Amino acid sequence: MAITHTAISYYGLNYVEHAAADFREMLDHGCTTVVLAVTEFDFDFWRPNIPKIVDCAHELGLRVLIDPWGIGKYFGGEQVSKYLQNNIENRQVSALTGEKLPHACFNTNSFRDYFRNFCLTLARETAADGFFWDEPHYALPKSYASITGGAGDDWSCRCPVCMKRFSDYYGYDMPRVMTDDVIQFRWREALWILEDCSRHLKELNAGLEITCCVHATHNSYYVTEHRGYDNWDMVASSPYFDVFSTTIIAWDLPEAFFEQITRRTVEMAKKYGKQSERWLMGYYKQPQDLARIDQMVDLYERLGIDRLAAWTYRGGYGTVLAAPDALGLWDRIGDNYRRVLRKKGD
Ligand SMILES: [Zn+2]
């Protein structure tokens, strides 16, 4: 099957006529889909223009997936969070120190309601084609660097809500160390908010497509990040998700890592009858030789990936996370998008 979906993320949306010019540039770069990164501030302040921007993308021929970008610092993303500004509770808590963290606890009813309302409102008010769950994660741990652990011994969340729910379920106090029960609890609770919201979205509009994009990590017998979505079987088997996606991989990692992640992404998606998606790093850093992008796209295609996506429009041009040659990187991704789409009819 040829790749027919080539997505680019887009943030900073404000004015419809400016978005229109950017959308035309995306079409010139072979994009079929825009991942619209809607921040909590956009939602709060620019709401009247969001449906118009979605309509504009449609009129020009782009599909639109909404990404509640960095929401509550629960999803990936650099944006600031109004939820955290307006709530001094409902935060994740470090298991080892008991400190509150600058991340919303997505197992609290408060954040679950906030997230559902954010997404359902956008689903009602816009004609978006779907939603994109962008690197959902617990704040901690970030990584286990060695097979014996160590670097990432602290974890979250051990807030009052999580602790109560744990003890109600297991019948004993939530431990401070990450036991098997804690791991299972974290997986189950982490999936709940996304499944609940996805179910509500599909009840509202059965045609809405849900992509769940998790961190591209080993999750092997020895090394895992324990960020809550590292049990790929649990995520990919969810009946509420249509696309199983794994995030960008830094260009300086070896090809074997790209290959391993991509193989597992395809296998997992196929196993549960989902579309598979792989991301390209299109901001911040670029490969020394841009031809590496062509090679990785070939690799993804050869291994059977259904969808390509890149972060972000214009290589992050003008931001602190711009690639050194942001526009050159964007052009090379565009060349690749046009190249794979040309094979559609083969
Ligand atoms: Zn919690």
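Two residues are in contact if their C-beta atoms, placed from the backbone, lie within 7 Å. The structure is a predicted model, in which local features need pLDDT of at least 70 and side-chain atom pairs count only at pLDDT 80 or more, while totals for chains, interfaces and linings use all residues. Residues are numbered from 1 along each chain as its sequence is written.

**Exercise 1. Describe the overall build of the protein.**

Solution. Step 1: the protein has 11 helices and 10 strands, where helices (H or I, at least four residues) and strands (E, at least two) are DSSP runs numbered from the N terminus.

Step 2: for 346 residues, a compact globule would have a radius of gyration near 20 Å, and the protein agrees with its 20 Å. This radius is taken over C-alpha atoms, and the globule rule is 2.2 Å times the number of residues to the power 0.38. Along the principal axes, the C-alpha atoms fill a box of roughly 60 × 45 × 40 Å.

Step 3: of the 346 residues, 47% are buried; a residue is buried if 20 or more other C-beta atoms lie within 10 Å of its own, exposed if 12 or fewer, and partly exposed in between. Among contacts with a separation of 6 or more, 74% join residues 24 or more positions apart.

**Exercise 2. Determine the surroundings of C119 and of E25.**

Solution. Step 1: C119 belongs to helix α5 and is buried, because 25 other C-beta atoms lie within 10 Å.

Step 2: leaving aside residues up to four places away in sequence, C119 touches P68, F131, C197 and L201. Its C-alpha atom is 9.0 Å from that of S198, 79 residues apart along the chain.

Step 3: E25 sits in helix α1 (residues 16-28) and is partly exposed, with 15 other C-beta atoms within 10 Å. E25 and G334 are 309 residues apart in sequence, yet their C-alpha atoms are 9.7 Å apart in space.

**Exercise 3. Describe how α5 packs against α7.**

Solution. Step 1: two packed helices are described by the angle between their axes and the distance between the axes. Axes are lines fitted to C-alpha atoms, for helices over the stretch in contact, and angles run from 0 to 180 degrees between N-to-C directions.

Step 2: α5 (residues 109-125) and α7 (residues 180-204) pack at about 25 degrees, with axes 10 Å apart. The pair is therefore roughly parallel, a term for angles under 35 degrees (over 145 is roughly antiparallel, 65 to 115 roughly perpendicular, and the rest oblique).

Step 3: the crossing is right-handed, meaning that the near helix is turned clockwise from the far one by less than a right angle, whereas anticlockwise would be left-handed.

Step 4: R112, F115, R116, C119, L120, A123 and R124 of α5 meet I193, D196, C197, H200, L201 and L204 of α7. This contact has 8 nonpolar, 1 polar and 4 charged residues. Ala, Val, Leu, Ile, Met, Phe, Trp, Tyr, Cys and Pro count as nonpolar, Asp, Glu, Lys and Arg as charged, and the others, Gly among them, as polar.

**Exercise 4. Describe the packing of α10 against α9 and against α11.**

Solution. Step 1: α9 (residues 255-271) and α10 (residues 291-302) pack at about 30 degrees, with axes 10 Å apart, in a right-handed crossing. F258, E259 and T262 of α9 make the contact with M296, L299 and Y300 of α10.

Step 2: α10 and α11 (residues 326-342) pack at about 35 degrees, with axes 10 Å apart. I293, D294, V297 and E301 of α10 make the contact with R332, I333, N336 and V340 of α11.
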